[in-house]
Amino acid sequence: MVRTILAIVVIVLSGYSLITQTFELMPYYMFILGAFILVSGFIELQKDRKGFWGYMNIVISLFIFVFYIPYFL
């Protein structure tokens, strides 16, 4: 449920940025994308698929959060 809502928000924000050619919302888009990837990683780990992609999703989302922190401060 949360993953679906985050995916819809990411698609809407990216579509808006693409159509209007304004990239003011890019830090928010990337923050929500990081949250989406983080939730996907946790869902993969909860499904007892303790494989590579669950951990990789969490690492990628943390990288996005660390990289985009300066835009929010």
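This tour moves through three helices of a predicted model and ends at one residue of the third.

**First selection: helices 1 and 2**

Select residues 2-20, which form helix 1, together with residues 26-46, which form helix 2. Their axes come within 9 Å and cross at roughly 155 degrees. Since angles over 145 degrees count as roughly antiparallel, helix 1 and helix 2 are therefore roughly antiparallel to each other. The crossing of helix 1 with helix 2 is left-handed.

Next, display the side chains where the two helices meet. On helix 1, show Val2, Arg3, Leu6, Ala7, Val9, Val10, Leu13 and Ser14. Their counterparts on helix 2 are Tyr29, Ile32, Leu33, Ala35, Phe36, Val39, Ser40 and Ile43. Coloured by class, this contact of helix 1 with helix 2 shows 13 nonpolar, two polar and one charged residues.

**Second selection: helices 2 and 3**

Keep helix 2 and add residues 52-72, which are helix 3. Here the axes lie 8 Å apart, at an angle of about 160 degrees. That angle makes helix 2 roughly antiparallel to helix 3. Helix 2 and helix 3 also form a left-handed crossing. The contact of helix 2 with helix 3 comprises 18 nonpolar, six polar and one charged residues.

**Last selection: Asn57**

Finally, centre the view on Asn57, a residue of helix 3. Is Asn57 buried or exposed? Asn57 counts as buried, because its relative accessibility is 18% and the cut-off for buried is under 20%. To see its surroundings, select Ile37, Ser40 and Gly41, which Asn57 contacts when neighbours within four places in sequence are left aside. Ser40 was also displayed earlier, among the helix 2 residues that meet helix 1.

Technical notes
Residues are numbered from 1 along each chain as its sequence is written. This is a predicted model: local features need pLDDT of at least 70, side-chain atom pairs count only at pLDDT 80 or more; totals for chains, interfaces and linings use all residues. Side-chain values use heavy atoms; hydrogens and water are left out. Axes are lines fitted to C-alpha atoms, for helices over the stretch in contact, and angles run from 0 to 180 degrees between N-to-C directions. Helices (H or I, at least four residues) and strands (E, at least two) are DSSP runs, numbered from the N terminus. Angles under 35 degrees count as roughly parallel, over 145 as roughly antiparallel, 65 to 115 as roughly perpendicular and the rest as oblique. A crossing is left-handed if the near helix is turned anticlockwise from the far one by less than a right angle, and right-handed if clockwise. Contact means heavy atoms within 4.5 Å. Ala, Val, Leu, Ile, Met, Phe, Trp, Tyr, Cys and Pro count as nonpolar, Asp, Glu, Lys and Arg as charged, and the others, Gly among them, as polar. Buried means under 20% relative accessible area, exposed over 50%, partly exposed in between (1.4 Å probe, protein chains only).
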